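Trainee: I'm new to this one. Could we go through it together, with me asking how you know each thing?
Mentor: Sure, go ahead.
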Amino acid sequence: MIQLKNSAQLAAMKDAGRITGEALLVARDMVRPGVSTYEIDMALRRHIERCGAKPAFLGYNGFPASACISINDEVIHGIPSKKRILKEGDIVKIDTGATYHGYVGDSARTIPVGHVSEEAMRLIQTTRDSFFAGIEALKVGNRLGDIGSAIDTLVRANGFSTVKRYVGHGIGTNMHEAPDVPNFGTPGRGIRLCAGMTLAIEPMVNVGTFEVKEMPDGWTVKTLDGSLSAHYENTVALTSEGVLILTEVEKGF
Ligand code: MG
Ligand code: MG
């Protein structure tokens, strides 16, 4: 069942979203060659806890850290480690969440490490653009398929492919609530969008095939063909006045 949020619930979602967005800024500012993904995870965890919130990922289905940090051909769910050291030319996906007063924020960014290839930059930009194409379709009275279709159309127009196996989701007192929000779809199909919905919209975009594989660690997901992958996610709210991007705390990031 889809849980619509009233204005008091939305206010709590805004706080959780802001803390999540700030944690990603802390993480971004640490990204440079030589830093371990463990150090980044600990820094954003400290920020979340200093705000009086809880890291939403820590212990979620047994996940051992406060962020999923995935490098290059890793799509999502990478486990932070002292042994994973960022190097010049990598692209790193940082996905985190905070729970505050019972409500959850969930957001991800892909960040270049030093100088990266032109193709990597174009992938990162296209993934971000596809999120905003999806947001354009997030309107009261539209259908869920309009969002996914807008995302996938932009991705394909840029020669990349959209991951199908993992999707966005409703979010509120739980990180994952109904409905699923695929990053592909048919315009005019799916449930009708209405005010009070809060969603995590999160395109995952690959340079090569859309297909992915899970690693033996039980978490990390990689592209099947080893090509680069990017991820961009915000928690958003649809209101009668329009869309609020709850986890965006710095325009342009
Ligand atoms: Mg996420
Ligand atoms: Mg999510």
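Trainee: Which residue bridges the magnesium ion (ligand 1) and the magnesium ion (ligand 2)?
Mentor: Asp106 does, and the two ions lie 3.2 Å apart. Keep in mind that this is a predicted model.

Trainee: What makes Asp95 and Glu233 donors of the magnesium ion (ligand 1)?
Mentor: Distance. A donor is an N, O or S atom within 2.8 Å of the metal. Asp95 (OD), listed twice, Asp106 (OD) and Glu233 (OE) coordinate that ion at 2.0 to 2.7 Å, so they fit the cut-off. Along the sequence the spacing reads D-x10-D-x126-E.

Trainee: Why do you say that Asp106 and Glu233 tie together parts of the chain?
Mentor: Asp106 lies in strand β5 (residues 103-112), while Glu233 is in the loop between β13 and β14, so the pair links parts that are 127 residues apart in sequence.

Trainee: And what coordinates the magnesium ion (ligand 2)?
Mentor: Asp106 (OD), His169 (NE2), Glu202 (OE) and Glu233 (OE), at 2.1 to 2.2 Å. With a limit of 2.8 Å, these count as donors. Their spacing is D-x62-H-x32-E-x30-E.

Trainee: Where do Glu202 and Glu233 lie?
Mentor: Glu202 lies in the loop between β9 (198-201) and β10 (204-206), and Glu233 in the loop between β13 (229-231) and β14 (234-239), so this pair joins parts 31 residues apart in sequence.

Trainee: Are Glu202 and Glu233 buried or exposed?
Mentor: Both are buried, which means under 20% relative accessible area. Asp106 is buried too.

Key: Residues numbered from 1 in each chain as written. Chains lettered and ligands numbered in written order. Predicted model: local features only at pLDDT ≥ 70, side-chain atom pairs only at ≥ 80, totals over all residues. Heavy atoms only, no water. Helix = DSSP H or I, 4+ residues; strand = E, 2+ residues; numbered from the N terminus. Buried < 20%, exposed > 50% of the residue type's maximum accessible area, 1.4 Å probe, protein only.
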